[in-house]
Amino acid sequence: MPNIKRYTTPVSVKAIVIDLDGTLLHTAPELAEAANRMLRDIHYAPVAQELLASYIGNGISWLVKRALTGDMHATPDAALYDHALPIFEKHYTELLLESKVFDGVIEGLEAMKAAGYRLGCITNKVERYTTPLLAGVGLSKYFEIVLAGDTLPEKKPHPMPLLHAAKFFGVPIEQLLLIGDSLNDTIAARAAECPVFCVPYGYNHGEPVETLDLDAVIANLPAALPLMKLA
Ligand SMILES: O=C(O)COP(=O)(O)O
Ligand SMILES: [Mg+2]
């Protein structure tokens, strides 16, 4: 039984917001391929897909910076970044719709909807990619609200998107559950003071999700259902 850290089990929830990259969709192969095509075009050596996947989570600008520098926190030369970013964007636009939905996602979303939970998506991916991607894989219809990385002035790990979603649904923040896959999700949830579950199959910078400050690790989306009840 997963360890619900800050709430009684099952957690009382009215609305569920779900992360995109690494939780709903396996986007790492296309993000990594776009990064490697960018590196090839600027005559840089390719980088292993696993390492590029560990750079995902803070939006595309950070993915590109990390791919250029080989470092999680370093900022590349501004002219190099300005040259490389549109090259990445061109390649990623071509590859975007190849991303696949993870196992259990459709079943989980259907079951959550059928149980009466309201659903939203909160991602650090910019709207330009988020909107066509969710539509292209047939997930748009599940979400009443989609907050992309550039929808609001702040993105995860800032609590703003979670607070905004709670307001949108008209629910107290503790009745909004975030399901994510990474440190950005858990930091944002703790800052907003809402419960957070994580799936173990996503992109947590190469670290196991068990190391995060979260309320439950769930094998897939359907595994969240027994841990919550409709508030
Ligand atoms: O775009 C990213 O880097 C990560 O996006 P996510 O918040 O959906 O995981
Ligand atoms: Mg994610």
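These legends go with several views of a predicted model.

**View 1. The whole chain.** The chain is a predicted model of 231 residues. It holds 8 helices and 10 strands. Its C-alpha atoms fill a box of roughly 55 × 30 × 30 Å, taken along the principal axes. The radius of gyration is 17 Å. A compact globule with 231 residues would have a value near 17 Å, so the chain agrees with that expectation. Of the 231 residues, 44% count as buried. Now take the contacts between residues at least 6 apart in sequence: 64% of them join residues at least 24 apart.

**View 2. Two domains in one chain.** The chain is divided into domain 1 and domain 2. Domain 1 is written in two pieces, 11–26 and 100–230. Domain 2 covers 28–98. The C-alpha centres of domain 1 and domain 2 lie 24 Å apart.

**View 3. Where the domains touch.** Domain 1 gives 17 residues to the contact, and domain 2 gives 11 residues. On the side of domain 1 that touches domain 2, helix α6 makes the largest share, with 4 residues. Helix α6 spans residues 127–136. By class, this side of domain 1 has 5 nonpolar, 9 polar and 3 charged residues.

**View 4. The shell around ligand 1.** Ligand 1 is surrounded by 14 residues. The closest are L20, D21, T123, N124 and K125. The shell divides into 4 nonpolar, 6 polar and 4 charged residues. Where does ligand 1 lie relative to domain 1 and domain 2? Both domains give residues to its shell, so ligand 1 lies between them.

**View 5. A close look at D103.** D103 lies in a loop. Strand β4 (100–101) comes before this loop, and helix α5 (105–114) follows. Is D103 buried, exposed or partly exposed? The count of other C-beta atoms within 10 Å of D103 is 14. A buried residue needs 20 or more, and an exposed one has 12 or fewer. The count of 14 falls in between, so D103 is partly exposed.

**View 6. D103 and D77 together.** D103 and D77 are 26 residues apart along the chain. In space, their C-alpha atoms are separated by 40 Å. D77 falls within the bounds of domain 2 (28–98), while D103 falls within the 100–230 piece of domain 1.

Technical notes. Residues are numbered from 1 along each chain as its sequence is written. Chains are lettered from A and ligands numbered from 1 in the order in which they are written. This is a predicted model: local features need pLDDT of at least 70, side-chain atom pairs count only at pLDDT 80 or more; totals for chains, interfaces and linings use all residues. A residue is near a molecule or strand if its C-beta atom, placed from the backbone, lies within 6 Å of it. Ala, Val, Leu, Ile, Met, Phe, Trp, Tyr, Cys and Pro count as nonpolar, Asp, Glu, Lys and Arg as charged, and the others, Gly among them, as polar. Domain bounds come from an automatic or database domain assignment. Helices (H or I, at least four residues) and strands (E, at least two) are DSSP runs, numbered from the N terminus. The radius of gyration is taken over C-alpha atoms; the globule rule is 2.2 Å times the number of residues to the power 0.38. Two residues are in contact if their C-beta atoms, placed from the backbone, lie within 7 Å.
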